[in-house]
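Biologist: I'm new to this one, so could you walk me through it and tell me how each label was earned?
Modeller: Sure, take a look and ask away.

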Amino acid sequence: MKYAEFPLKKTVNEGRVYEDSLSVEHFPRLKEAVYSVDSPIRFRVQGETNPLGQKEVKGNVAVDVSMVCQRCLEPFQTKFDLPIHWIPVKDESAHDLIGDDEALLLVEGDEINLLELLEDEVLLTLPLVPKHDLDEDCDGKDYLEKLKPQEEKKQPFAELAELLKK
């Protein structure tokens, strides 16, 4: 299937389901943004009509990537399994009718480039400063320990100053 010319209108009107696994070559911006892409990009999209009668696309996109930890400068692997929820609209005036919490998908024709949209979802989830979780082994944690506030050193004459105030 040509996901660069994805039939969005048919998908939402007919409730179609698409599920696939694609190589990183289809996602050049993601490949550039991370240290490595360690798995195929898996996705599932399904057209639906919600209880309010609005057409929407739901699904998920999943991928394993390696990024460089900004504490220790070593690569680490992380997994993303992101939900997708788009409401396709023809113009931005629908924003007032739908609400702020929904992800509007501005569509000009009957087809969209699904690959770009999936790639956007993953790119928006990448951390600005990738780093190991604190419970993982990271050489940069030693530096974090040094930054923790140390116990206040006792000042030998502090007690004397308190006595003089009385």
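Biologist: How many disulfides does the count come to?
Modeller: Zero, by the distance rule. Keep in mind that this is a predicted model.

Biologist: How do you know that Cys 69 is in no disulfide?
Modeller: Its nearest cysteine sulfur belongs to Cys 138 and sits 3.8 Å away. A disulfide needs the two sulfur atoms within 2.5 Å, so that pair doesn't make the cut.

Biologist: And what makes Cys 72 too far for a bond?
Modeller: The closest cysteine sulfur to that of Cys 72 is again in Cys 138, at 3.7 Å. The limit is 2.5 Å, so there's no bond here either.

Biologist: Why is Cys 69 counted as buried?
Modeller: Cys 69 has 0% relative accessibility. Buried means under 20%, so the label fits.

Biologist: Why is Cys 72 called buried?
Modeller: Its relative accessible area is 15%. That is under the 20% cut-off, so Cys 72 counts as buried too.

Biologist: What makes strand 5 and strand 6 a pair?
Modeller: Twelve bridges join strand 5 (residues 55-68) to strand 6 (residues 75-89), and they run antiparallel. Pairing takes at least two bridges, so they qualify. One example is Val 61, whose bridge partner in strand 6 is Leu 82. Six residues lie between the strands of this hairpin, where Leu 73 takes a positive phi near 65 degrees.

Biologist: How do you know that strand 6 and strand 7 pair?
Modeller: Four bridges link strand 6 to strand 7 (residues 103-106), in the parallel sense. At least two are required, so they count as paired. In strand 7, Leu 106 is the bridge partner of Val 89.

How values were computed: Residues are numbered from 1 along each chain as its sequence is written. This is a predicted model: local features need pLDDT of at least 70, side-chain atom pairs count only at pLDDT 80 or more; totals for chains, interfaces and linings use all residues. Side-chain values use heavy atoms; hydrogens and water are left out. Buried means under 20% relative accessible area, exposed over 50%, partly exposed in between (1.4 Å probe, protein chains only).
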